[in-house]
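Me: Please take one helical part of this model and go through it closely. I would like to know what it packs against and how it sits in the rest of the chain.

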Amino acid sequence: MTEAVPSWTDERVELLRRLWDEGLSASQIALQLGGVSRNAVIGKVHRLGLAGRVKAIGPVVDGHAPQDEGVVEAAGIVEEPTLPEPPAIVAHRPAPDFPLEPVRAAAQAPAAAQPVALAVSERVTIMDLRESMCRWPMGDPTKPDFRFCGGRAITGLPYCTQHAQIAYQPAAERKRDRRVAGMR
């Protein structure tokens with residue numbers, strides 16, 4: 001039985017090396033060699049120990065392409081560039097209809113949220129929690145004394161007025177707080 005796939009002759013290996021050094025992608029090399037897949041080219045490059053290089057991005061002009069520093073192709077392994085952090089999701093519910101706490105001066109460090117003093121009778125377990133009660137968690141969920149606020153929730157929101165002010169901050173204030181935290 002004859003072999004349908006061309007073997008890696010010395011001439012084909014030399015052509016592979018030359019095309020690899022010229023910066024062609026594994027797919028382009030496979031097309032030029034004919035009879036081999038992109039994965040076969042990548043495997044051969046790996047077995048030959050050919051050096052990795054910067055992957056060409058964009059159109060090829062005169063055999064050269066602009067290069068992107070964040071993407072490296074080494075024997076077919078591509079490392080993706082680090083993407084910026086996606087924007088934070090504010091909330092899936094409408095903003096509250098009450099005034100939020102005023103914006104503090106930019107030079108002033110953000111104050112830690114003060115615990116809201118509630119009557120002990122308002123702190124409820126998950127079993128006692130009802131639709132109109134504040135769902136703000138209080139304490140360590142792994143401890144037996146963990147409770148929810150239980151105060152009267154604002155209509156359409158899961159929290160009471162005090163906890164909604166903590167949970168829902170204006171976008172400008174969140175941005176400023178992130179900037180201040182990044183400077184530390």
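The reply starts with the basis of the model and the overall layout, turns to the chosen part, and ends with a few places elsewhere.

Reply: This is a predicted model, in which local features need pLDDT of at least 70 and side-chain atom pairs count only at pLDDT 80 or more, while totals for chains, interfaces and linings use all residues. Residues are numbered from 1 along each chain as its sequence is written, and side-chain values use heavy atoms, with hydrogens and water left out.

The chain holds 5 helices and 5 strands, where helices (H or I, at least four residues) and strands (E, at least two) are DSSP runs numbered from the N terminus. Along the sequence they follow the pattern α-α-α-β-β-β-β-β-α-α. Of the 184 residues, 27% are buried; buried means under 20% relative accessible area, exposed over 50%, and partly exposed in between (1.4 Å probe, protein chains only). Among contacts (heavy atoms within 4.5 Å) with a separation of 6 or more, 47% link residues 24 or more positions apart.

The part chosen is helix 2, residues 26-33, whose buried residues are Ala26, Ile29, Ala30 and Leu33. Viewed down the helix axis, these residues fall within an arc of 100°, so they line one face of helix 2; the arc is that of the directions from the helix axis to the C-beta atoms. An α-helix has 3.6 residues a turn, so residues three or four places apart point the same way. On the face turned away from the buried side, helix 2 carries the exposed residues Leu31 and Gln32. Just after helix 2, Gly34 has a positive phi of about 75°.

What do the buried residues of helix 2 pack against? They pack against helix 1 (10-21) and helix 3 (38-48).

Two packed helices are described by the angle between their axes and the distance between the axes. For helix 1 and helix 2, the axes come within 10 Å and cross at roughly 145°. Axes here are lines fitted to C-alpha atoms, for helices over the stretch in contact, and angles run from 0 to 180 degrees between N-to-C directions. The crossing of helix 1 and helix 2 is right-handed; a crossing is left-handed if the near helix is turned anticlockwise from the far one by less than a right angle, and right-handed if clockwise. From helix 1, Arg12, Leu15, Leu16, Leu19 and Trp20 meet Ile29, Gln32 and Leu33 of helix 2. The residues of this contact divide into 6 nonpolar, 1 polar and 1 charged, with Ala, Val, Leu, Ile, Met, Phe, Trp, Tyr, Cys and Pro counted as nonpolar, Asp, Glu, Lys and Arg as charged, and the others, Gly among them, as polar.

On the other neighbour, helix 3, Val41, Ile42, Gly43, Lys44 and Val45 are buried, and what covers the buried residues of helix 3 includes helix 1 and helix 2. Gly49, just after helix 3, takes a positive phi of about 70°.

Elsewhere in the chain, Phe146 lies in the loop between strand 4 (137-138) and strand 5 (147-148) and is buried at a relative accessible area of 17%. Leaving aside neighbours within four places in sequence, Phe146 is in contact with Pro137, Met138, Gly139, Asp140 and Pro141.

The chain has 0 disulfides, a disulfide being a pair of cysteine sulfur atoms within 2.5 Å. The sulfur of Cys149 is 3.8 Å from its closest cysteine sulfur, in Cys134, which is too far for a bond, and that of Cys160 is 3.7 Å from its closest, also in Cys134, again too far for a bond. Cys149 is buried at a relative accessible area of 0%, and Cys160 is buried at 4%.
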